[in-house]
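Colleague: I'd like to learn how to read helix packing and backbone oddities in a model like this one. Can we put it on screen and go through it feature by feature?

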Amino acid sequence: MSSISGKTRVCGIIGDPIEHTMSPVMHNAAFRELGIDYVYLPFHVRQEELGKAVDGVRALNIRGLNVTIPHKVAIIPFLDKLDPLAKKIGAINTIVHEEGVLTGYNTDATGFLQALLEQGVKPEGKTVVILGAGGASRAISFILAERDANLVILNRGLGRAEDLAHRIARVFGKEVKARQLSEGNLAKVLVRADILVNTTSVGMSPDIDETPVPARLLNPSLVVFDIVYNPIQTRLLKEAEAAGAQTINGLEMLAWQGALAFEKWTGQKAPLDLMKREAIKALGHEN
Ligand code: ATR
C-alpha cells in the first residue's frame, strides 16, 4: 500500500480457504486509481470463528467485507439487515458497515446481471439453462427469475436442482424446471434455450480439458456464460465461440461483483476495466 494513515478505512474478504482470492488486487488497485484512502485485506476465517469475526467488524470499525466460500449463508444470522434480494436468495457476499449496523448484499447476483446486460443480453422472457445448483447457481437463478427469465436447472445431483427450483417457484410463483445433468437432457433443453450459464466447477483449472457440455450441442443462437474465470477462456467458451455462439467469461462477473461492492463501500463509481485488468494480471501469476 502506498500510504496507510490514521484515516485509512479498512475493507476485506473473509473465507476458508482465502489464499487464491483475486479481490485484494482488484480493490486495492481501484482505491489507488481513485486516490481514496482505503485498504482491502484478506482474512482467513474458519466457520467456528464466524461470529467473532463479525464482532470484529464492529469492534474494529471495518467499513465493509466480501464474504466467500463457505460463509455466504452461515453469516446471515450475524447481520443486522439484509437487502431484499439477498434475503430472497438466502446468501450474501458483501457487508456494508454503517455506524454499527451491518447490512448484507448479494453482488454475485447483481454482478452477474450487470455482466449480462453490459454485453447487450436482456434476460426478460428468455429461456435460460443453468448448469449447477450450488451457491453460485442460487444467486444467479434468483436474479434471473426476478428478471422474468424461464429457468431450467440441470445438476449432477438431481435433488439439489429440485430443491433450488422449488425455492424459486415459492418465492416468485413461477414454474422452474429441474433436470439431471446428462447429455440426453442437455440435448433436449439446449435446442430451445437462449442463454446457457455454467455455474459448476467443470473446466476450472487444473481440469481445463473438461467441459460440462459436448461441443455438438452448442449452436449459434445461444449466449454462453461460463462463470469459471480460471482459465478465462474455458473449453466450454472456446467451443461455444467455434459454434458461433456469443460468449461471456467469468471475469466479467468477478469484476462486476467487486465493482458493485466497491461502490457500496466508497460511494464512488468503480473503475471496472482496471479491476478486470488487475484480475487478469493476478490470474497470470497464479498459472
Ligand atoms: P459454488 O458456490 O461455486 O456454486 P458449490 O455450492 O460447491 O459451489 O456447487 C458446485 C456445483 O458444481 C454443484 O452444482 C455441483 O454439482 P453437485 O450438486 O451434483 O455436487 C457442481 N459440480 C462440481 N463438480 C462437478 C462435476 N465434476 N460434474 C458436474 N457437476 C459438478
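Colleague: Let's begin with burial: how many of the 12 residues of helix 5 are buried?

Modeller: Some ground rules. This is a predicted model, where local features need pLDDT of at least 70 and side-chain atom pairs count only at pLDDT 80 or more, while totals for chains, interfaces and linings use all residues. Residues are numbered from 1 along each chain as its sequence is written, and side-chain values use heavy atoms, leaving out hydrogens and water. Helices (H or I, at least four residues) and strands (E, at least two) are DSSP runs, numbered from the N terminus. Buried means under 20% relative accessible area, exposed over 50%, and partly exposed in between, with a 1.4 Å probe and protein chains only. On that scale helix 5 is mostly covered, with nine of its 12 residues buried. The buried set is Ser 137, Arg 138, Ala 139, Ile 140, Ser 141, Phe 142, Ile 143, Leu 144 and Ala 145.

Colleague: What span should the 12 residues of helix 5 have, and how far apart are its end C-alpha atoms?

Modeller: The expected span is 1.5 Å times one less than the number of residues. For helix 5 that gives 16 Å, and the end C-alpha atoms sit 17 Å apart, so the two agree.

Colleague: How do I read the packing of helix 4 against helix 5, starting with the angle and the axis distance?

Modeller: Axes are lines fitted to C-alpha atoms, for helices over the stretch in contact, and angles run from 0 to 180 degrees between N-to-C directions. Helix 4 (residues 107-118) packs on helix 5 at about 60°, with the axes 8 Å apart. That makes the pair oblique; under 35 degrees is roughly parallel, over 145 roughly antiparallel, 65 to 115 roughly perpendicular, and the rest oblique. The crossing is right-handed, meaning the near helix is turned clockwise from the far one by less than a right angle (anticlockwise would be left-handed).

Colleague: Which residues of helix 4 and helix 5 meet?

Modeller: Contact means heavy atoms within 4.5 Å. Asp 108, Ala 109, Thr 110, Phe 112, Leu 113 and Leu 116 of helix 4 meet Ala 139, Ile 140, Ile 143 and Leu 144 of helix 5. By class that's eight nonpolar, one polar and one charged, where Ala, Val, Leu, Ile, Met, Phe, Trp, Tyr, Cys and Pro are nonpolar, Asp, Glu, Lys and Arg charged, and the others, Gly among them, polar.

Colleague: And what does helix 5 do with helix 6?

Modeller: Helix 5 (residues 135-146) and helix 6 (residues 158-172) pack at about 35°, axes 10 Å apart, in a right-handed crossing. Helix 5 brings Ser 137, Arg 138, Ser 141, Phe 142, Ala 145 and Glu 146, and helix 6 brings Leu 164, Arg 167, Ile 168, Val 171 and Phe 172. The classes here are six nonpolar, two polar and three charged. Those contact spacings have a general background: an α-helix has 3.6 residues a turn, so residues three or four places apart point the same way.

Colleague: How are helix 1 and helix 9 arranged?

Modeller: Helix 1 (residues 23-34) and helix 9 (residues 250-266) pack at about 50° with axes 11 Å apart, so they are oblique too. Their crossing is right-handed. Ser 23, Met 26, His 27, Ala 30, Phe 31 and Leu 34 meet Leu 254, Ala 255, Gln 257, Gly 258, Phe 262, Trp 265 and Thr 266. This contact has eight nonpolar, five polar and no charged residues.

Colleague: Is Ser 23 buried or exposed?

Modeller: Buried, because its relative accessibility is 5%. Beyond neighbours within four places in sequence, Ser 23 is in contact with Ile 13, Tyr 40, Asn 66 and Gln 257.

Colleague: What should I check in the backbone?

Modeller: Most residues other than glycine have a negative phi, and most peptide bonds are trans. Here Asp 148, which follows helix 5, has a positive phi near 65°. Asp 148 lies in the loop between helix 5 and strand 8 (150-155) and is partly exposed at 47%. Asn 61 also has a positive phi, near 55°, in the loop between helix 2 (50-59) and strand 3 (64-67).

Colleague: Where are there cis peptide bonds?

Modeller: From Ser 205 to Pro 206, with omega near 10°, and from Asn 230 to Pro 231, again with omega near 10°. Pro 206 is in the loop between strand 10 (195-198) and strand 11 (223-226), whereas Pro 231 is in the loop between strand 11 and helix 8.
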